[in-house]
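Subject: Structure handover

Hello,

Here is the structure I promised to pass on. Please open it first and keep it beside you while you read.

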Amino acid sequence: MTLEEVSSCDNTAQKMQSVSTALEQLLEAAQRQGSLTVGVYESAKLMNVDPDSVILCLLAIDDEEDIALQIHFKLIQAFCCDNDINIVRVCGLSKLSEILGELGNEDMEPRDLHCILVTNPRTDSLKSEGLEKVAHYCEECRCKNQWVPYISLLER
């Protein structure tokens with residue numbers, strides 16, 4: 001490896017960590033404001049009724065062998081592309097569950113975290129650095145012909 005390649009790998013790892021942290025902050029803020037729609041079917045219903053309210057679509061999967069889920073994802077991705085909605089593939093369902101407060105909460109029925117929509121907030125507090133960073137990352141990836149960027153939620 002050359003020095004440029006080593007430096008590029010370090011920059012990529014730092015950028016991925018930065019985007020992952022920004023996504024976590026965005027999800028926490030959106031949940032506090034009630035700007036999250038969780039679940040494949042719930043998300044599909046919202047996008048059908050009001051696609052203009054959606055600013056980000058997260059598709060989370062750890063098991064690539066679920067064919068039915070993959071078909072749903074392809075349809076959601078196509079809809080998001082047609083409606084200029086940023087899409088991100090997320091790896092780390094357990095971390096996502098932790099961020100959204102699903103772990104250790106036996107009182108709640110577990111939600112389907114495979115598809116999460118972030119909708120326009122009622123206030124401007126969601127229009128944060130986190131949202132800007134994730135949107136910028138999506139835009140950069142599209143410029144590289146990676147239409148559905150990938151973010152790994154890191155355990156700390």
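Below is what was found in it, from the whole chain down to single residues.

**The chain as a whole**

Please keep in mind that this is a predicted model. The protein chain has 156 residues, and 42% of them count as buried. It contains five helices and five strands. Starting at the N terminus, the order of elements is α-β-α-β-α-β-α-β-α-β. The accessible surface comes to about 9,100 Å². Carbon and sulfur atoms account for 52% of that surface. Take the contacts between residues at least 6 apart in sequence: 79% of these join residues at least 24 apart.

**Helix α3**

Start with α3, which covers residues 67-82. Its 16 residues should span 22 Å at 1.5 Å a residue. The end C-alpha atoms are 23 Å apart, which agrees.

Which residues of α3 are buried? They are Leu69, Gln70, Phe73, Ile76, Gln77 and Cys80. Seen down the helix axis, these buried residues fall within an arc of 125 degrees, so they line one face of α3. The background is simple: an α-helix has 3.6 residues a turn, so residues three or four places apart point the same way.

What do the buried residues of α3 pack against? Their partners are α2 (40-49), β2 (54-60), β3 (86-91) and β4 (115-119).

Now turn the helix around. The face away from the buried side carries the exposed residues Ile67, Lys74, Leu75 and Asp82. Ile67 and Leu75 also belong to a nonpolar surface patch, together with Ile71. That patch is about 320 Å². Ile71 is in α3 too.

**Helix α2**

Next comes α2, one of the elements that the buried residues of α3 pack against. In α2, Val40, Ser43 and Met47 are buried. They cover an arc of only 65 degrees around the axis, which puts them on the same side of α2. The buried residues of α2 pack against β1, β2, α3 and β4. The face turned away from the buried side carries Tyr41, Lys45, Asn48 and Val49, which are exposed.

**Strand β1**

Look at Thr37 in strand β1, residues 36-38. Is Thr37 buried or exposed? Its relative accessible area is 17%, so Thr37 is buried. Neighbours within four places in sequence aside, Thr37 is in contact with Glu42, Ser43, Leu46, Cys115, Ile116, Leu117 and Thr119. One of these contacts, Ser43, is among the buried residues of α2.

**The salt bridge**

How many salt bridges does a search of the whole structure find? The search finds one. Lys95 pairs with Glu98, and the closest N and O atoms are 3.4 Å apart. Both residues are in helix α4, three residues apart, which means about one helical turn separates them. Their surroundings can be compared by accessibility. Lys95 has 5% relative accessibility, so Lys95 counts as buried. Glu98 is partly exposed, because its relative accessible area is 42%.

**Arg111**

Arg111 is in the loop between α4 (93-99) and β4. Its relative accessibility is 35%, so Arg111 counts as partly exposed. Which residues does Arg111 contact, leaving aside neighbours within four places in sequence? The answer is Gln31, Val38, Leu100 and Glu102. Take Val38: Arg111 and Val38 are 73 residues apart in sequence. In space, their C-alpha atoms are 7.1 Å apart.

**Two loop residues with positive phi**

Two residues deserve a look at their backbone.

- Asp84 is not a glycine, yet its phi is positive, at about 55 degrees. Asp84 is in the loop between α3 and β3. At 73% relative accessibility, Asp84 counts as exposed.
- Asn145, a residue other than glycine, also has a positive phi, near 60 degrees. Asn145 is in the loop between α5 (129-143) and β5 (150-152). Its relative accessible area is 59%, so Asn145 is exposed.

**Where to look first**

If time is short, begin with α3. View the buried residues along one face, then the exposed residues on the face turned away from them. After that, go to Lys95 and Glu98 for the salt bridge.

Best wishes

Methods
Residues numbered from 1 in each chain as written. Predicted model: local features only at pLDDT ≥ 70, side-chain atom pairs only at ≥ 80, totals over all residues. Heavy atoms only, no water. Patch = residues over 30% accessible without salt bridge, like charges linked within 9 Å, V, L, I, M, F, W, Y side chains within 5 Å. Areas by Shrake-Rupley, 256 points an atom, 1.4 Å probe, with all protein chains shown as cover. Salt bridge = Lys/Arg side-chain N within 4 Å of Asp/Glu carboxyl O. Helix = DSSP H or I, 4+ residues; strand = E, 2+ residues; numbered from the N terminus. Expected span 1.5 Å × (residues − 1). Buried < 20%, exposed > 50% of the residue type's maximum accessible area, 1.4 Å probe, protein only. Arc of directions from axis to C-beta. Contact = heavy atoms within 4.5 Å.
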